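Here's a quick walk through some of the packing in this protein. Have the structure open and follow along.

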Amino acid sequence: MESIQFIDCYLPLALSGTFTYKLPIEFQDKLVQGSLVVVPFNERNIYTGIVKRVHSQPPVGYIVKNAIEILEQEPVFHPTQLKLLDWISEYYMAEPGLTFHAALPAGFKISTESKIQIHPAFEEDETTQLSENEGKLLDALKTVPALTYADALKVTRTKTLYHILQSLKKKQAILLFEEYKHIYKPRIIQKIRLAEKFIIDRELLKELMDSISGQEKQENVLLKYLQDVPVWNDKTINQSGIPKNVFNGNDFSGSALKTLIKKGVFEEFKEITSRENIVTEELKKDYQLSDIQEIALQRIRELFLQKDIVLLQGITGSGKTEIYISLVQEQIAAGKQVLFLMPEIALTTHMTSRLVKYFGKELDTYHSRLSENERVETWKKVQDGTSLLVLGARSSVFLPFKNLGLIIIDEEHDSSFKQNEKTPRYQARDTALVLAKLSGAKTLLGSATPSLESYYKAKSGIYGYVRLDTRHGQSLMPLIQFADLKADRKNTALPNPHMEYSTFLIKSLEESLEAKEQSLLFQNRRGYAPYLCCETCGWVSMCKQCAVSLTYHQRDKRLKCHYCGHQEKVSATCPACNSARLTTKGLGTEKIEEDLAALLPKARVQRMDQDTTRTKNAFKNIYDGLNKGEIDILVGTQMITKGLDFEKINLAGVLNADQMMYFPDFRANERAFQMLTQVAGRTGRREIQGKVIIQTFNPSHYLLQFLQQNDIDGFYEREIQEREKFHYPPFTRLIKLTFKDKDKNTCELSANFIAVKLRKLFGGARVLGPEWPPVDRINNMYLKEILLKFERDKIDIAKTKLLLKNAISEFHKDKTYKSTILVLDVDPY
C-alpha cells in the first residue's frame, strides 16, 4: 500500500512556520516544492498555499485537513528563488508566509476574497463546448457582476471548482480577480479579417474583386485590407487581420465596410492586447561611446573578473545609460538574462522609451501598475527563459530568473528601493545583491550620488569602483548660485512682496523666458499649502485621525491628509471662532503653479507631482510636452529629480533647501545633498551651461559649499566621519521597533515593557528610546519607537535577532498588550 502524502505550505498569514495538509488520492505524486494549492484554514477561509515540502510524516496532536485544489502543478518558485525568499524572511525578520505571498503575483492566487466574472470578450455560440457545471456557472455570472468562490461552489453544487475554473479560463470565458483590487478589464481591439474561403480559393478572391469593381467605396476598403495584409504572398498573415478603426476617417466609408461584413467578405473578431504595448521602431544597432565611456566600460569588465559588485559613480549627464546598454547587449548575446532595476514606476516608463530603441520586443517590464494578468505573463516568460531583459521596480527582484547574468541597479541611492509600508520591509537594492550571489550573476550599481554605504564599500575595496567625472559630449556642469533669503528680506531698498521667491530667482526666470529657454522649480511638497489657519484665534486644520496638519488642495477645494487619506471640505469660516479670516500657510507645488501665473503671466507652467501623474500616461505626456517645447516652467516634487533627461532646461530653482537639511534624521544631509545634486543635474544637458539657484537662509552651510564646488568626495568623507563618531551606518546595523495602539497609554506601556527587556539583553547604549516620533498618531493609532544599534564588527547579528525574537515572543504572550501591534523594520532608513 502506498504511503499517504502530506504537504507543508506557506499561507499568507502573519504567523511563523508552515501548515500541514493531507493530499487526496487524486493529488498524490503531483506536487513538488514551489507548487501552488488551495487549502482550507478554518470553516470560513481558504487560501493559496505555496508548497515548501512534500512528505509522508503525519502531524501529531491534531486531525489534518485535506488540500482542496491544485492551482499550479509545476513549481512557480524555483530553488534559487526559494533560497532568496528564505533569506528575506530571516534577514528582515518577516513571517515566511507573508514574504512568499508578497512575491507571488495576485493572478496566481485564489482565496475566499477571490471573485469570478465573465470575460468581457467572451461570446458564446454554437461551437462553444461547455460541461453542465460550466454552463451553470456562466448562466449565473450573466445575472451578476461577479461571484465569490463560495457562491460559485453553491451554484455548481460541487466540492471543488479547480477543474471547472481552469477549463473556463482556457476558453477565455471567465476572469479571476482579487476583491480588494479593481476588476481587470483587458484592452480589446475590434478587428476584421478576410473570410477563410477567399484565402483557400484565390479564384474566389479574384471574382470578388471583379464583382465590386465600380463600387468605389467597397473597392477602397478591400484594396486597403489587401495592401496592409498581403495574403497573395502569405496566407497565414490573414489570421491576425487588422483593426477596424483603420477604416475610420474621411478616406473610407463605414457603411461600405458594414456591407462587406454582411456579404461575408470580412469576418469580425476581438483581440485582447496588453495594456502596456511596447511600440518598437527600427532598432538602433550601433552607437558611439566616447573615449571616456569606453575606458569606463572596459574597466567594469575587468573588475567583474575580480569582484561580483561594481559601483559606477557618474556625474549627472555623463552617459551611464549607454554603458548599461553595452553591458546588456553583451549578456543577451551570451544567452543570459538581465534585470534592470529602477526605483520608481515613473522612471521605469521613461527608461522603457530609451531601451526599446535598442532591444525592441526583447524588453519586458514588471511593476505594480501592470494588470495581474500581465504580471503573471512576464513571470512565466522569465521563468521559462524567453524573457531576456526585464526593466522593473523593486518587486521585480522576486521574479524567477532561469539564467540570470547581470543586475543593473540605476539610481541605487534612492530611498524608494526600500519597502516601508508592509511586510516584508525589504531593501530591493540589498535583496538584488543577494539574488545575484545566489544566481552566480554580477551586479552594477549606478548613481551620480551613491548611497553612503555603497560609496564606503567601494572606497574600502569591497566593491569595484569606476568613475565618470565629465559630462557626455559638450555639456558643462551647471553653475550653482545661492539666493540668501535672509538678506533678501532685509533689503529695504528693493522690497520683495513675494517673500517665498527671491528677487534673484524671479529675475532669472524672466531672463530664461525672454531667451526662450525652459526652467524647473523644485519644492518637495505637493498640494497648495501645508495647512490652513485662522488669523483671529490661531486654529490650524488638523487631521482627525493623525497628528499632522491637513494639506490644502486648491483644485479640489479640499483639505487632505497625506498620511491616512482623510479628506474634508474647506469651511468658509473658522470652526473654532467662526471668523472668516482663514488663510493658507506654506508653499506647495499647486500654489507655486498659481503664483507663477500671476508673476509670469506669459509663461506656460506645468506641475509634475503625485497628483498630476496618477493616470497611466500622465507622466509621459508631461515629459513629452516639455521636450517638445510646450512648457516653459516645470514645477515638481522629488519626482523630477530622478534620472530624467530634460533636453532643454537651462535653469533650475530650489525654493527651500533648508527644509531638507534640517529634517530630524541622521540621513538628512546625505539625502539633501543627493537631491540637490540631482536637481542641478537636470539642467544644461546640451551645449549651453545650466544655472541652478538654491534659496536658503544659510548659504554658508557646509553641505551647500560642497555642492557648489561639486566636491562629492569631500562631503562624503565628512559624513562618514560623523557616522563613525555617532555609531550610524555603515558602521552599525539598525533595527526599528514601532508600537501601534489606539490607546496612547497602552502604546507607551508596551514600548516600555520591551525596552526594559532589550536593555538587559543588549545593554543601554544599543537601545535608543522609546520615543514618540514627529508624527505620533496615524490613522487613529498612536506610535512609539525604539531604535536598536548594533556594531557590524562586534555583534553576531543572527544570534542578536534570535534574542530579539524571543523577547518579542514573550511580549506577545502577555495579554496586557494584546491590542498593541508591533512592527519590526530591519535597516529602516
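Tyr817 is buried in this predicted model, with a relative accessible area of 12%. The cut-off for buried is under 20%, so a residue at 22%, like Phe753, counts as partly exposed instead.

Those two residues belong together. The ring centres of Phe753 and Tyr817 lie 4.9 Å apart with the planes at 45°, so this pair is tilted. Phe753 sits in helix α24, while Tyr817 is in the loop between α25 and β34 (821–826), so the pair ties together parts that are 64 residues apart in sequence.

Now for another ring pair, Phe666 with Tyr728. Here the centres are 4.6 Å apart and the planes are at 20°, so the pair is stacked. This one also links distant parts of the chain, 62 residues apart: Phe666 is in the loop between α20 (658–661) and α21 (668–681), and Tyr728 is in the loop between α23 (712–726) and β30 (732–741). Phe666 is buried, at a relative accessible area of 19%.

How many aromatic pairs does the count come to? There are 27 of them. One aromatic cluster is formed by Tyr455, Tyr465, Phe673, Tyr702, Phe706, Phe715 and Tyr716.

On to the helices. Phe753 turns up again in the contact between α24 and α25, and the α7 and α8 pair can be set beside it.

| Helix pair | Angle | Axis distance |
|---|---|---|
| α24 (residues 744–762) and α25 (residues 797–813) | about 145° | 10 Å apart |
| α7 (residues 202–211) and α8 (residues 216–228) | roughly 145° | within 10 Å |

The crossing of α24 and α25 is right-handed. From α24, the contact uses Ser750, Phe753, Ile754, Lys757, Leu758, Leu761 and Phe762, and from α25 it takes Thr800, Leu803, Leu804, Ala807, Ile808, Glu810 and Phe811. Sorted by class, that makes 10 nonpolar, 2 polar and 2 charged residues.

For α7 and α8, the crossing is left-handed. Leu205, Leu208 and Met209 of α7 meet Leu222, Leu223 and Leu226 of α8. This contact has 6 nonpolar residues, with no polar and no charged ones.

Then there's the sheet. It's an open one with 6 strands and parallel pairing, in the order β19-β29-β28-β20-β27-β26. Which strands are at the edges? They are β19 (479–484) and β26 (605–608), each pairing on one side only. Neighbouring strands are turned by 20° against each other on average, direction ignored.

Inside the sheet, β20 (residues 518–522) pairs with β28 in the parallel sense over 5 bridges. Leu521, for instance, has Gly653 of β28 as its bridge partner. Helix α17 (residues 503–514) packs on the sheet, touching β19, β20, β27 (633–636), β28 and β29 (691–696), and its direction makes about 155° with that of β29. Helix α19 (residues 618–627) lies across β20, β26, β27 and β28, and runs at about 145° to β26.

Last stop: Asn650, which is found in β28 (residues 649–654). Is Asn650 buried or exposed? Asn650 is buried, with a relative accessible area of 13%. Leaving out residues up to four places away in sequence, Asn650 touches Glu517, Gln518, Thr683, Gly684, Ile688, Gly690 and Lys691. Of those, Gln518 falls in the β20 range, and Lys691 in that of β29.

Conventions. Residues are numbered from 1 along each chain as its sequence is written. This is a predicted model: local features need pLDDT of at least 70, side-chain atom pairs count only at pLDDT 80 or more; totals for chains, interfaces and linings use all residues. Side-chain values use heavy atoms; hydrogens and water are left out. Helices (H or I, at least four residues) and strands (E, at least two) are DSSP runs, numbered from the N terminus. Buried means under 20% relative accessible area, exposed over 50%, partly exposed in between (1.4 Å probe, protein chains only). Contact means heavy atoms within 4.5 Å. Axes are lines fitted to C-alpha atoms, for helices over the stretch in contact, and angles run from 0 to 180 degrees between N-to-C directions. A crossing is left-handed if the near helix is turned anticlockwise from the far one by less than a right angle, and right-handed if clockwise. Ala, Val, Leu, Ile, Met, Phe, Trp, Tyr, Cys and Pro count as nonpolar, Asp, Glu, Lys and Arg as charged, and the others, Gly among them, as polar. Two strands pair if DSSP finds at least two bridges between them. Rings of Phe, Tyr and Trp (its six-membered ring) pair if their centres lie within 6.5 Å; planes under 30 degrees apart count as stacked, over 60 as edge-to-face and the rest as tilted.
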